[in-house]
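Trainee: Please take one part of this structure, its salt bridges, and go through it slowly with me. I would like to hear where the partners sit and how much of each is open to the outside, and then a word on the other places worth a look.

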Amino acid sequence: MTSRRAASKRQQTTGSDTGDLDTTQIVATSQVSRFHAETLTTLSNDIDLKDVTVTIGSRTLLSGANLRLFRGVHYGLVGQNGVGKSTLLKAIGYKLLTGFPSNVRVLYVEQLEGTDMARSVVRVVMDADRKAARARMELKAIQNALEADDPAEVAKVMRVVKMERLKEELEAADKTALERSGARGADARKRLVEQEKRMEDAAVANAQPLSQEEIARASVEAQELLAELFAAMDLYGEEAAEAKARSILKGLRFPPAWHDRPLGELSGGWRIRAALASALHIEPDILLLDEPTNHLDLPAIIWLQDYLSQLSDTTIVTVSHDRAFLNAIADEIIVFKNQTLTYHVGNFDEYLEHTEEKRKYMERMAEAIDRKKAAAEKAVQSAMSQARKTGDDKKMAQAASKQRKLERIGMEVNEKGHRFKLNRDRVGYHLSTRDEAEVEQIEQAPTWSIPDPTPLRQGGAIIEVEGVSLGYDKRALLEDVTLHISQTARIGIVGANGSGKTTFIKALIGDLRPLKGQINRHLSAKIGWFTQHHVDELAQYPIETSALSLLLEKGSGNGEQECRAHLGKYGIKSSTALQPLRSLSGGQMVRVAFAIATFDSSPHLLILDEPTNHLDYLTTEALIMALKEYACAVVVVSHDQFFVSEVAEEVYVVRKKRLDLLEGGMEEYMPLQEYQVVGRHLPTEAEPTPKIYRMRIFAPNEVVAKSRFWYFLRQLKKVKKASGEIIGVNVIHEKKPLKIKNFGIWLRYDSRSGTHNMYKEFRELSRADAVKALYQDMAARHRARFRSIHILRVVEIEKSEDVRRPYIKQLLVPKLKFPLPHRVQKVRSTFVAHRPATF
């Protein structure tokens with residue numbers, strides 16, 4: 001707006017009344033005009049706020065950023081630990097951001113925590129809809145009062161109901177008066193004063209004893225309100241809401257018997273699932289998820305991916321450090337970096353690839369510009385030197401003109417890739433005519449260093465588990481478990497939630513006695529244990545406790561310098577070590593917990609239970625490198641496939657009360673399955689029966705198969721996910737899977753040099769195993785990523801003469817001569833005339 005009356009202004013709100021915001025002041029502002037309609041209501045669910053600034057205390061997290069959230073788009077929000085991702089979600093979820101439409105329903109999952117622990121799980125999920133929960137509560141209170149057949153009790157209940165409604169109306173009027181200005185603001189403030197007066201009058205009236213007239217009037221009003229509430233409950237659909245809540249709980253693998261259990265009886269992981277179920281039950285316009293996969297096992301994560309992909313009309317913003325999860329759900333990636341937000345179309349792997357390509361392109365451009373400038377400067381200096389020698393003023397003017405042209409050397413294209421135009425791309429005041437080629441610095445993973453312990457003098461295993469059965473109250477969760485943990489072991493343990501992984505870990509460290517069998521531990525070995533409960537315990541310390549003060553308290557005679565040095569090994573440096581623990585992000589709290597677990601002396605066996613929760617991908621890589629350099633034994637319990645496959649040399653799965661070794665590692669835990677995915681473009685008036693596309697895809701689960709289907713169709717420029725629909729997904733089962741077969745596979749894959757077609761053959765494997773071997777071969781030989789490989793066709797080769805590849809044929813045909821017949825070049829006659837190419 002250029003007019004003075006519509007001049008932009010800044011407004012701000014302070015959050016200090018909700019959850020964790022009691023102790024931390026969040027100020028969130030955006031650029032809004034004087035008559036900005038979107039500060040109140042809007043007809044669209046799209047969000048586009050300019051000049052967004054978010055501060056927490058004296059620290060600025062965002063400055064001049066653009067917050068853009070379009071309806072139906074699923075975003076992944078990524079950034080390093082401590083940058084402010086969770087704070088941004090809180091500012092949006094608690095409606096602290098000025099200019100955010102008030103009628104857009106936003107739900108932040110963390111808002112659902114801290115509820116009444118005595119309520120059943122299904123009731124907690126249903127009560128997530130605040131309006132329906134309030135109507136349900138009012139209905140129950142009025143029904144109980146009427147059934148008591150006491151008119152005075154009915155009048156008291158009506159007083160409470162009216163007062164609660166007046167409070168809500170007062171809060172709405174206060175918000176409207178704060179956001180409006182000018183004549184509209186004056187009217188809003190006048191209505192606020194009137195609402196405050198009604199509130200005061202109601203409070204004074206409630207302080208007076210009940211009159212006969214009020215008691216007589218209350219019964220009639222209660223009957224009218226009861227009819228209104230019954231109509232509202234029909235609108236909300238009480239029975240359908242309960243069925244929907246139970247369906248969501250079932251999808252999150254809640255046993256049916258747990259649906260009616262009190263929330264307080266559940267463990268932390270199951271409470272997180274209940275909070276997530278509450279978020280999914282409401283189906284808001286914008287759903288904000290902060291690390292939703294923490295404490296979820298792989299089947300639950302896969303179900304969550306599938307469920308979120310079905311919410312096509314809901315805008316979803318997910319903070320997650322799980323690469324596979326982000327790749328499956330994200331349509332766009334929002335990068336929170338350098339106090340701003342940047343947007344990248346595609347999933348997380350595509351963002352990394354595009355960022356790397358852009359960085360290399362800018363490096364080449366910077367080198368080319370430097371070479372061009374150096375050559376131009378050399379030419380100018382030569383021309384000026386020649387002009388001075390000869391005293392030629394004309395050549396001196398030419399040299400001066402070339403000198404001025406040096407300022408115009410820079411980027412030849414603008415940010416959108418179009419040809420640079422001065423009057424379009426350099427509006428305003430600038431220090432140079434053109435932009436320099438700015439090369440984005442590669443984000444460096446923080447350096448972690450786990451100190452090695454004093455070597456053990458005696459050899460032998462650290463822990464020997466022989467024929468052990470574990471459980472509670474004589475009910476076994478694990479039976480006949482045998483495990484050998486050597487001094488250099490690298491063991492990963494996976495399995496579903498509730499299968500007994502944590503029980504087994506407790507037995508290893510000595511917190512649980514086995515029901516049967518024997519566990520022998522090395523007498524001199526020290527065992528260290530890290531679990532997410534240690535992170536939760538940090539939040540229980542006094543508000544002023546910092547990481548440094550906590551380490552000084554726990555240390556045995558160590559000074560401040562030694563404690564700071566130890567915290568620095570895990571990336572907790574300078575002022576971060578002095579910040580209150582409650583002000584740290586989840587990833588920073590994990591680092592502090594690691595520092596405490598390895599303080600004084602490092603363990604000879606380090607047991608890690610879900611260590612990657614809250615860690616960003618760079619910090620996860622730092623932890624992986626630290627564990628690889630660590631000289632002693634490591635046992636890891638995690639659902640992060642990438643982390644387990646990188647750290648563990650032996651992978652065990654807990655299932656059916658047993659601990660089984662997976663010979664094939666994590667690939668055996670999540671094997672490939674063949675799917676046929678059928679999709680099409682959404683029908684339109686111009687094309688009511690669009691073309692149908694069928695594709696055979698190998699993937700670990702149905703969600704990944706759907707994701708790859710849309711990716712390949714988009715690459716072929718056929719159909720985009722936003723304008724298409726999945727008609728059906730069928731699982732393809734191999735005929736005679738135990739029979740030894742040979743397979744030929746046609747594929748297409750992308751590399752930096754372009755798109756390539758290829759044919760490969762594999763011997764004596766099943767169909768899925770042949771495809772798995774193909775992916776491994778492509779990664780090893782061609783460095784091709786899983787995402788870029790498109791398998792066009794898989795065919796069984798039944799006859800030996802149909803085998804075309806010599807590395808397979810030489811194993812099938814005795815006395816084979818090379819080259820193979822189809823590789824022999826036909827020799828043309830020497831006397832055949834060839835027309836010269838110049839004709």
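Mentor: Before we start, a residue is called buried when its relative accessible area is under 20%, exposed when it is over 50%, and partly exposed in between. Please also keep in mind that what you are looking at is a predicted model. Side chains of opposite charge can pair when their charged atoms come close. A search of the whole structure finds 19 such salt bridges, and we can follow a few of them in turn.

Begin within one helix, where R359 forms a salt bridge with E363 and the closest N and O atoms are 2.5 Å apart. Both residues belong to helix α11, which covers residues 348-390, and they stand four residues apart, about one turn of the helix. The two partners fall into separate classes of accessibility: R359 counts as buried because its relative accessibility is 14%, while E363, with a relative accessible area of 30%, is partly exposed.

The next pair is formed by E674 and R696, whose closest N and O atoms are 3.0 Å apart in their salt bridge. Here the bridge links distant parts of the chain, since E674 lies in strand β22 (residues 673-681) and R696 lies in strand β23 (residues 692-699), 22 residues apart. E674 has a relative accessibility of 5% and therefore counts as buried, whereas R696, at 40%, is partly exposed.

A third salt bridge brings together the side chains of D777 and K760, at 2.8 Å from N to O. This pair, too, links distant parts of the chain, with D777 in helix α23 (residues 767-782), K760 in strand β26 (residues 754-763), and the two positions 17 residues apart. In this case both D777 and K760 are buried. Salt bridges can also share partners, and in this way K162, R217 and E221 are joined into one network.

From there, turn to another arginine, R708, which has its place in helix α22 (residues 702-715). R708 counts as buried because its relative accessibility is 6%. If you set aside the neighbours within four places in sequence, R708 is in contact with I697, F698, Y775, F786, R787 and I789.

Two loop residues deserve a careful look at their backbone. Q339 has a positive phi of about 60° although it is not a glycine, and it is located in the loop between β11 (332-337) and β12 (340-345). With a relative accessible area of 37%, Q339 is partly exposed. K656, likewise not a glycine, has a positive phi of about 50°, and its loop runs between β20 (650-655) and β21 (658-662). K656 counts as exposed because its relative accessibility is 82%.

Finally, there is the empty space inside. Rolling a probe the size of a water molecule over the atoms shows where empty space is left. For this model, a search of the whole structure finds six cavities of 30 Å³ or more, and the largest cavity holds about 160 Å³ of space. Its lining is made of 18 residues, and the closest to its centre are T293, D322, T612, N613 and D640. Sorted by class, the lining of the largest cavity has 11 polar, four charged and three nonpolar residues.

Definitions and conventions
Residues numbered from 1 in each chain as written. Predicted model: local features only at pLDDT ≥ 70, side-chain atom pairs only at ≥ 80, totals over all residues. Heavy atoms only, no water. 1 Å grid on protein atoms, 1.4 Å probe; cavity = no way out; pocket = protein on both sides within 12 Å on 5 of 7 lines; lining within 4 Å. Points joined across faces, edges and corners; volume = space filled by probe spheres on them. Nonpolar A, V, L, I, M, F, W, Y, C, P; charged D, E, K, R; others polar. Buried < 20%, exposed > 50% of the residue type's maximum accessible area, 1.4 Å probe, protein only. Contact = heavy atoms within 4.5 Å. Salt bridge = Lys/Arg side-chain N within 4 Å of Asp/Glu carboxyl O.
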